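Q: Hi! Could you walk me through a structure, step by step?
A: Happy to, have a look at it here.

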Amino acid sequence: MEAGAGWRAGPGAPGDGRRLYHNRGIRLAQVAPFAELPAGNTITGMQVISLQSGSNGNCIYVEAGGVRLLFDAGISGRQAQLRLAARGRDIADVDALLISHDHSDHARCAGVFQRKFGLPVYATQRTIQAAGAYGGLGAMTDVRCFEAGGGLLFGGVVVETIPTPHDGVDGVAFVVDDGCRRLGILTDLGHVFDRLTPLIQSLDAVVLESNYDPVMLARGTYPEPLKQRIRGPRGHLSNSESAELLCRAASGRLRWACLAHLSAENNTPQTALACHQSVLGSRLPLHVASRYEPSEVLEL
Ligand SMILES: [Zn+2]
Ligand SMILES: [Zn+2]
């Protein structure tokens, strides 16, 4: 990628000689020099905060094994900072930003996050290229490219990247694995593709797309091509697709699910919850990620 789109690859770019690891079949690039945890460190568990979720902007904070990560930058730097502070976190402590795909509700403020907070930005090269082509990212001096399907190692935390059939140019979903617990961040999925079932079976908690109610979508005001895109194989999961996937795939280890990326026009939190509860009964604690405010700190 040439620098025409206003960014340049940073020190994690392919071919820079950085050490590669193989672990559980995942190709890992050790991408950041995190310090070892001090002896006696009492950090336990994983904490998750959805700062915002939906087509108006996405950003999720995850803290695990002494590492603090942000997933997607679809909200302003100011809002990310304020919402983290409201949950007792300082954005200055965040170690890295990972971008799932090029759509603006996920990538538009990546440049701001990088410049304002000094965050290295991890994304595939095609994602950064496409997001940059839309304009607005600005100059970025620390972009670290990964390949969709690979894994990234942050200290003792592995982030697996899972290619999706969504209509971003090179989209991925994520699993955060601290060696004890596995969190899925699964939105903008396209459709329920084969790998999702075994993937969810392996998780302890999941943030899962539950985008639309089919009746609301059909009766709503969206133009027909947009309706077709949303319900098509490269769009989003409906409430019932999401609920049936969870019902099929949730194993005994899954402690909670957080329904995410709800449409404002074609869904409501109550509709999504009711659908999931009708399919799942009471077997799983459910949360709903808001389009407008940060979640509580979700623990696992
Ligand atoms: Zn999205
Ligand atoms: Zn998208």
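A: What follows is a short chat about helices, strands and burial.

Q: Where does this model come from, and how are things numbered?
A: This is a predicted model: local features need pLDDT of at least 70, side-chain atom pairs count only at pLDDT 80 or more, and totals for chains, interfaces and linings use all residues. Residues are numbered from 1 along each chain as its sequence is written, while chains are lettered from A and ligands numbered from 1 in the order in which they are written.

Q: OK, how many helices and strands are in the chain?
A: The chain has nine helices and 17 strands. Both are DSSP runs numbered from the N terminus: helices are H or I with at least four residues, strands are E with at least two.

Q: And what share of the residues count as buried?
A: Of the 300 residues, 48% do. Buried means 20 or more other C-beta atoms within 10 Å of a residue's own, exposed means 12 or fewer, and partly exposed is in between, with C-beta atoms placed from the backbone.

Q: Cool. Which residues of α8 are buried?
A: In α8, N239, E241, S242, A243, L245 and L246 are buried. The buried residues of α8 pack against α5 (196–201), β14 (205–209), β15 (256–260) and α9. The test for contact is C-beta atoms, placed from the backbone, within 7 Å.

Q: How do α8 and α9 cross?
A: The axes of α8 (residues 239–249) and α9 (residues 269–280) come within 9 Å and cross at roughly 35°. Axes are lines fitted to C-alpha atoms, for helices over the stretch in contact, and angles run from 0 to 180 degrees between N-to-C directions.

Q: Who makes that contact on each side?
A: On α8 the residues are N239, S240, A243, E244, L246 and C247, and on α9 they are T271, A272, C275, H276, V279 and L280.

Q: Switching to strands: why is β15 called largely enclosed?
A: Four of the five residues of β15 are buried, so the rest of the structure largely encloses β15.

Q: What does β15 pair with?
A: β14 and β15 pair in the parallel sense over five bridges, and E209 stands opposite A260 in β15. β15 and β16 (residues 286–288) also run parallel, joined by three bridges, with L259 opposite V288 in β16. Strands pair if DSSP finds at least two bridges between them.

Q: Last one: is G151 buried or exposed?
A: G151, in strand β10 (residues 151–154), counts as buried because G151 has 21 C-beta neighbours inside 10 Å.

Methods. Contact = placed C-beta atoms within 7 Å.
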